[in-house]
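User: Please take a close look at the enclosed space in this model and at what surrounds it. Then set that part against the rest of the chain.

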Amino acid sequence: GVKNPLWFRAFGEYKMPVYIYLTAGSIAVFGRNDFAVRLPSVAFAILTLLIFDFLVKELATFAKKSLPFSSSWVALAATLLFAISPWHIQFSRAGFEATIGLCVYLLGLLLEVIAYKKQKIIFLILGFLSLVLTMYTYNTYRFVAPVTVLAITIIFLKTQKQMLRKIFLSFLLFLMTSIPVIMFSLSGAGGARFAEASAFSSFTNISLVQKLINYPIIFLSNYLSYFSLNFLFNIGDGIGRHQMANFGPMQYWESPFLIIGLFFFAKNWKNPFYCLVLLLLFLAPFTAAFAVPSPQTLRSFLMVIPLAIIVAYGFIWVVKKLLITRYLPILVIIFALIIYEFLFYMHSYYQHYPIINSLDWGAGNEEMVAKTVKYQSNFQHIVVDHNLGSSTIPLYFGFYTDDKLQPLVVSSSWEKPKDLQKGTTLYIRSYYGGVKSDSNIIDSVYFPGQNKDIFAQFWKL
């Protein structure tokens, strides 16, 4: 009921506005459907690849002397690895705010690198404004963006003293445009999400001394979990919307190249290129470590950027060594493994994931709404069992019927009351076992797959 809000009230929290307004525009053009909701994420994911390629090229020029190959090769390899990364594929194909946030954040970094090289105020301002926009896109950047801007400001003050006044004005502009999100973050509504997901919520009734001892340990444990090889390559965070079962956010073949790349980056950490990539790697999961569950792939999505660069560096170094020493059979085996694992991932993603993880994506709801619309003219009342999703039922009906149909949501123990006896009632309920051929059952919605488990039954009462 609020016109053009800056913050959108959701399930016990408030959502950032950027993705919602982008989706509103997409729906205005393509209608209220799944394609329109996912389109902004897909479009920005493609744009991210282009920005990422330019950014790596620009950054790598700072390490020309220490790079054993050209910056173009590093950028090309990193972009290709980024494009086939399960981490990026998973979130780019659905309506996740983090995809937009990542794109705008990378754009901000690219503009700041250009500003540093060309010493032009316009790029500095545009970069800061892009970083501000990320704060209105995804919660993680409420912390990451200000830290990034502060670091950039310090670097500019130390190395571009002739731009002192312009740097100050740009930083002031960043602060002014950040005021709404800062005030929101300090409010009860803005802190609702942190309170809900806080890693410290189970330890509120302990003394101050115990908090000072336990809180750092909890944070450190969560933070280090994001660098676990088990998390990165094996099991991920276990959340069905974020990944497939038995697949980590990175592919197994990347592990040796990650170790090799980390060795070279740590060895050359004083160089701006290597230092910035390492800082980005260590900064990316910082905010996520304050929340549970940890590790979690969505909150740490920014990690995909430095990891892709480091793996690409290690990969090119190995390929170059194998070419020089003419160990071509080993090179063929490496490429065969890469192709095999990626094809195996894509096969699992398209063939098995839609069936195994159908519940995670609300399977059955669209068909349930469609069948309700089909039968609604024959009934005076429509009632839905809350076990089908008490909080999401109104959303699915509102989305797929343009808010024209809103059924009554009732408990699983519901029985037809006297005030509904005069007319027929369409009762949509979960399947609780028992006889499936009851004469009152007029239809059912089934899950995909061979078992054909029942998602919802349609009863005539």
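Analyst: Helices here are DSSP runs of H or I with at least four residues, and strands are E runs of at least two, both numbered from the N terminus. The model is predicted, so local features need pLDDT of at least 70 and side-chain atom pairs pLDDT 80 or more, while totals for chains, interfaces and linings use all residues. Numbering starts from 1 along each chain as its sequence is written, and side-chain values use heavy atoms, with hydrogens and water left out.

A cavity is a set of points, on a 1 Å grid over the protein atoms alone, where a 1.4 Å probe fits but cannot get out; lining residues have an atom within 4 Å of a point. Volume is the space filled by probe spheres set on the points, which are joined across faces, edges and corners.

The structure has four cavities of 30 Å³ or more, and the largest has a volume of about 80 Å³. Helix H4 (residues 86-92) contributes the most to the lining of this largest cavity, namely four residues. Pro-86, Trp-87, Gln-90 and Phe-91 are in the lining, together with His-242, Gln-243, Met-244, Phe-247, Gly-248, Pro-249, Thr-297 and Tyr-345. By class the lining holds seven nonpolar residues, five polar and no charged (nonpolar: Ala, Val, Leu, Ile, Met, Phe, Trp, Tyr, Cys and Pro; charged: Asp, Glu, Lys and Arg; polar: the others, Gly among them).

Some backbone details can be added to this picture. Asn-246 is not a glycine, yet has a positive phi of about 65 degrees; this residue belongs to the loop between helix H11 (229-235) and helix H12 (254-267). Two cis peptide bonds can be listed as well: one joins Val-292 and Pro-293, with omega about 0 degrees, and another runs from Ser-294 to Pro-295, with omega near 0 degrees. Pro-293 sits in the loop between H13 and H14, as does Pro-295. Most residues other than glycine have a negative phi, and most peptide bonds are trans.

Helix H14 (residues 304-325) packs against helix H15 (residues 328-356) at an angle of about 150 degrees, and their axes are 8 Å apart (axes are lines fitted to C-alpha atoms, for helices over the stretch in contact, and angles run from 0 to 180 degrees between N-to-C directions). On the H14 side the contact (heavy atoms within 4.5 Å) involves Phe-315, Val-318, Val-319, Leu-322 and Leu-323, and on the H15 side Leu-328, Ile-330, Leu-331, Ile-334, Phe-335 and Ile-338. The residues of this contact are 11 nonpolar, no polar and no charged.

For contrast with the enclosed space, consider an open one: a pocket is an open set with protein on both sides within 12 Å along at least five of seven lines. The second largest pocket has a volume of about 680 Å³. It is lined by 23 residues, of which Ala-151, Ile-152, Ile-155, Pro-272 and Leu-276 are the closest to its centre. Helix H5 (97-118), helix H7 (141-159) and helix H13 (272-283) each supply at least two lining residues, and H7 gives the most, eight. The lining of the second largest pocket comprises 17 nonpolar, three polar and three charged residues, whereas that of the largest cavity has no charged ones.
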